[in-house]
Amino acid sequence: MKITYILTSADSAAGTERAVIGQANQAAKSGHDVEILSVYRTSDVPAFDISSAVVVSYLVDATGWDLSQGLGAAAVGEFGPSLLVPQRWDDQFCQATDDALTAYFETCAADCIVSTTPALAALTVRFAPKTVIVIHEEHRATMARSKDSFEPLALYGRELDCLVSLTAAGAEFLAAYFGEDAPLLPVVPNAVSNDFHPRSLLTERRVVSAGRFVSGKDFESLIRAFASAVSDCPGWSLRIYGSGPQAQSMRKVARSNGVENAVEIVPPAADMYAEWTKGSIFAMSSRSEGLPMVALEAAAAGLPLVAVDCDTGPREIIDDGVNGILVPPDDAAALGLALERLMKSSELREEMSHATHRIVERFSVPRVTAMWKALFSQLRELQNGCSSRLGRAQERSRLARSHQPGSVNATGGSPGPHDDRGGETFVAEMADELLTPESQSKRACAKAQQILANAGVEFVWVPTQDAVRQRFAVPGTARREVRAALTETVGEGYCLVPMRGSTALRRYPLEFGELAVDDVLVADANVVRVERAETDWSGAIHGRHAQCDIEFWDLGPDGNLIPPRANSIVDQVEPADFDKTVSVQTLGGCVPTLPLGAKPDWRQPDFPIDAVFTWVDDTDEVWKSARAAVAGNGADGRHAESDSDARFLNRNELKYALRSLHAYAPWVNHIYVVSAGQRPDWLNTEHDAITFVDHEDIFTDQTALPTFNSHAIESQLHHIDGLSEHFLYFNDDTMLRQYVKPDRFFLGNGTLLFYPSPTKINDLTHDVPPHLAAGMRTRALLEDRFGLTVTQGLLHTPHPQRRSVLYELEESYPEEWERTMRARFRGDGDLSTVSSLAPYFAYATGRAVPSTMRVAYVGLGADDLDQRMRDVVRGRHDLFALGEPHEGVDDSDAVSFAVQNFLEEVLPIPAPWERARPGKG
């Protein structure tokens with residue numbers, strides 16, 4: 001097969017070029033006739049070694065150009081802007097490349113062309129012969145592309161034969177976008193070179209990183225994080241390899257943070273494998289990634305990895321806490337703490353370094369080459385069936401529309417994930433009450449147990465830190481029996497996902513029978529995931545939790561069974577242990593497990609945890625009259641934030657906040673909603689899961705009422721009758737986004753967690769807003785009693801609380817507490833009791849520890865409100881919060897409409913305490 005890979009410049013020293021040249025070398029080694037077509041020649045010698053079996057062709061010679069302003073600027077200056085590629089798509093093309101590329105395509109003799117940028121994909125689809133198979137490789141996170149850079153794929157992607165993503169998240173995004181017109185959407189990761197990899201001795205006190213010096217890599221945040229970490233770790237340095245427009249600004253950040261002598265900003269090296277061994281920690285701060293080669297190479301050198309958990313990339317490589325640490329996006333403090341943790345502990349570095357061998361195995365050249373081999377074979381079969389690319393696209397769409405098995409709804413609602421043959425994954429329509437994560441997980445577990453029963457294979461349940469997805473382990477010798485059972489299993493809308501460790505190799509509906517258990521893929525897999533996408537009555541898809549994994553535990557060198565990835569109890573067992581099981585009750589019912597698996601998880605609290613919400617209905621006429629009467633009495637001098645209408649605006653957030661609790665924290669013992677005697681009309685107040693508490697029920701002095709001050713209300717929450725010692729305090733605009741376990745808020749020993757924010761408690765004296773004044777009061781009280789100076793506010797999250805701490809605070813600061821309780825509107829003398837003072841006080845007295853959480857803040861007054869909402873829909877945040885600016889928003893009705901649609905999209909499943917949805921059915 002003659003394969004042509006097209007690169008903008010094969011001479012560049014970037015990750016895309018490294019990965020594609022590696023693919024080309026392996027394809028040639030496998031017997032293919034391989035060419036690399038480089039649009040530009042920019043150097044006499046390519047940055048990476050190209051096999052002598054690979055033909056390299058250049059179209060435009062740029063070796064004599066002044067490239068100081070960039071390749072695109074030089075090209076346009078020489079020949080004028082491209083007439084085929086708009087500059088908003090890609091500014092590196094010119095009229096000379098127009099002529100050279102179209103001339104090349106006229107005489108192209110390739111069987112398959114692989115493009116590497118969206119602009120090159122569009123050109124190939126337009127001008128290559130229609131008989132040629134066209135594959136496009138996405139080397140960036142597709143969902144993070146701008147509208148302009150995605151536009152070539154939006155226009156021409158349906159005409160591709162195949163669109164390869166580096167990660168499953170990228171493929172799922174593309175599947176949802178293209179619907180039944182999607183090309184093939186396989187996931188094929190980059191490979192780690194199988195050359196000799198020298199490993200670091202971990203003796204150098206150096207953090208290393210590499211990449212283009214551009215804003216997306218966010219090296220400035222890495223430097224700031226390092227500066228905070230190195231203050232307690234003297235002698236450490238940070239070395240960043242690369243080049244780009246932000247080099248000078250990076251140096252300025254190093255100077256302004258006092259670490260210019262500890263930060264080295266150096267050009268990329270010819271042999272980066274050797275350079276990785278000069279460090280002891282690898283760090284990555286990118287805002288978005290595809291599947292970063294630098295992280296894979298650093299892992300091959302044995303470096304523990306620290307990375308920002310952006311949409312895709314790091315989480316596909318790093319097993320958090322095993323071979324590295326993932327930190328939330330936009331949280332330089334968390335990045336600094338992660339670096340400091342590794343810098344301080346040689347034992348932890350050694351432990352994580354030892355675990356990096358699993359990354360190398362997962363992304364090995366033989367494994368990735370086998371995936372490409374299978375893909376080329378599959379595409380060749382499609383080509384033999386239909387020689388026209390347009391015909392192949394039409395056939396894919398026809399197949400997608402025709403597969404509609406009896407009990408499965410494949411057409412209703414939003415498009416779901418697609419299998420690798422272009423057909424839509426069959427989607428089961430479920431009743432609302434069956435679409436909670438726990439319900440979905442139970443069904444997936446039952447399906448996996450059915451498969452194992454059909455196989456006649458003994459299995460054990462494996463406890464993990466995954467909140468919902470369950471695992472069953474079988475000896476690796478049972479692969480043949482499991483394969484046969486998978487082939488015989490009735491699909492019922494389920495997909496099979498062969499995996500290597502935590503990386504999906506590809507995804508097949510079980511209805512496709514033998515194709516779903518292809519010998520090469522299953523032999524290469526050590527995990528098989530059973531999953532199903534399901535829709536609610538509106539067609540919205542819920543498939544994230546309908547998954548259960550079957551792991552193959554293979555024999556290690558000492559004869560023990562080795563898990564393919566980390567779990568909570570063991571990293572090896574004797575084979576006979578699989579016969580010494582005990583029963584345990586799980587989401588999947590009563591299942592056998594190893595004796596250690598039946599023990600209580602020491603991380604998880606075994607005490608009740610309640611939830612408390614505060615809520616107000618600003619349309620209530622009685623409440624409005626009371627507020628107007630109080631506001632008219634002594635309002636002069638009050639800060640504008642104190643009595644802003646926006647502070648009380650009800651956009652129906654409580655409904656969705658409670659939905660999020662029902663779906664993602666069903667372990668909550670009881671819910672209390674504190675209000676001014678108000679009740680929402682959509683809620684069945686007789687439901688026994690929720691108790692409404694009026695202000696009169698908790699205020700120790702009724703003369704402080706009515707109140708319109710959230711600080712005052714929060715100061716009385718611990719007086720709720722029947723409230724458990726441990727509880728979560730929610731603002732009604734704070735909503736969970738994925739399933740969480742109780743240990744995200746409380747440790748098993750009762751210690752509470754709290755979440756410092758990057759936002760500072762500034763030390764101001766003029767026009768201080770009440771929320772900041774309360775933070776300053778917190779600082780003053782803690783400094784006076786403990787000598788503890790806090791400078792950070794807390795993230796907008798549920799705030800874990802201990803009732804006893806609040807009682808102790810009320811007794812310790814009676815005057816401040818009394819003043820806060822009696823302030824009918826927020827003022828500069830308030831305490832922020834539950835959302836500031838209590839967590840820090842608990843920390844000072846040994847009852848709390850700081851932690852991190854991935855939070856999306858959706859500011860309703862932000863210019864990019866639409867984008868922030870889309871980020872929540874597509875992202876994997878732990879929770880999100882809606883922020884109402886105190887000065888209000890322009891066109892509040894339009895914002896309310898947008899908020900309603902957004903919340904209904906991300907939290908569409910009604911909770912059992914809601915009144916019946918009008919018109920359903």
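Contact here means heavy atoms within 4.5 Å. Keep that rule at hand for the exercises below. The model is predicted, so local features need pLDDT of at least 70 and side-chain atom pairs count only at pLDDT 80 or more, while totals for chains, interfaces and linings use all residues. Residues are numbered from 1 along each chain as its sequence is written, and side-chain values use heavy atoms, with hydrogens and water left out.

**Exercise 1. A lysine without a partner**

Find what K655 touches, leaving out residues up to four places away in sequence.

Solution.
- Start with the location: K655 sits in helix α21, residues 653–664. Helices (H or I, at least four residues) and strands (E, at least two) are DSSP runs, numbered from the N terminus.
- Next, list the contacts: K655 touches W682 and E914.
- Then check burial and charge. K655 is buried yet has no salt bridge, and E914, the nearest side chain of opposite charge, is 4.6 Å away.
- Three terms are needed here. Buried means under 20% relative accessible area, exposed over 50%, and partly exposed in between (1.4 Å probe, protein chains only). A salt bridge is a side-chain nitrogen of Lys or Arg within 4 Å of a carboxyl oxygen of Asp or Glu. For charge, Lys and Arg count as positive and Asp and Glu as negative, with His and the chain ends not counted.

**Exercise 2. Charged pairs**

Work out which parts of the chain R362 and D319 tie together.

Solution.
- Side chains of opposite charge can pair when their charged atoms come close.
- Here, R362 and D319 form a salt bridge at 3.5 Å, N to O.
- R362 belongs to helix α14 (residues 357–362) and D319 to the loop between α11 (314–317) and β12 (324–327), so the pair links parts 43 residues apart in sequence.
- Both R362 and D319 are buried.

Now try the pair R471 and E551 in the same way.

Solution.
- The closest N and O atoms of R471 and E551 are 3.1 Å apart, and the two form a salt bridge.
- R471 is in strand β15 (residues 470–475) and E551 in strand β21 (residues 547–555), so this pair ties together parts 80 residues apart in sequence.
- R471 and E551 are both buried.

Finish with D864 and R868: are they buried or partly exposed?

Solution.
- The side chains of D864 and R868 meet in a salt bridge of 2.9 Å, N to O.
- D864 has 36% relative accessibility and counts as partly exposed.
- R868, at 28% relative accessible area, is partly exposed too.
- Elsewhere, salt bridges that share partners join E204, R206, R239, E264, E275 and K278 into one network.
- By this rule, the count of salt bridges comes to 37.

**Exercise 3. Two helix pairs**

Describe how α28 and α29 are arranged.

Solution.
- The axes of α28 (residues 865–874) and α29 (residues 892–906) come within 10 Å and cross at roughly 10°. Axes are lines fitted to C-alpha atoms, for helices over the stretch in contact, and angles run from 0 to 180 degrees between N-to-C directions.
- The two helices, α28 and α29, are therefore roughly parallel. Angles under 35 degrees count as roughly parallel, over 145 as roughly antiparallel, 65 to 115 as roughly perpendicular and the rest as oblique.
- From α28, L865, M869, V872 and V873 meet V895, A898, V899, F902, E905 and V906 of α29.
- The residues of this contact divide into nine nonpolar, no polar and one charged. For these classes, Ala, Val, Leu, Ile, Met, Phe, Trp, Tyr, Cys and Pro count as nonpolar, Asp, Glu, Lys and Arg as charged, and the others, Gly among them, as polar.

Repeat the steps for α12 and α13.

Solution.
- The axes of α12 (residues 332–344) and α13 (residues 346–355) come within 5 Å and cross at roughly 100°.
- That makes α12 and α13 roughly perpendicular.
- R341, L342, M343 and K344 in α12 meet S346, L348, R349 and M352 in α13.
- This contact has four nonpolar, one polar and three charged residues.

**Exercise 4. Backbone details**

Locate the cis peptide bond between L705 and P706.

Solution.
- Most residues other than glycine have a negative phi, and most peptide bonds are trans.
- The cis bond joins L705 and P706, with omega about 0°.
- P706 lies in the loop between α22 (695–698) and α23 (710–714).
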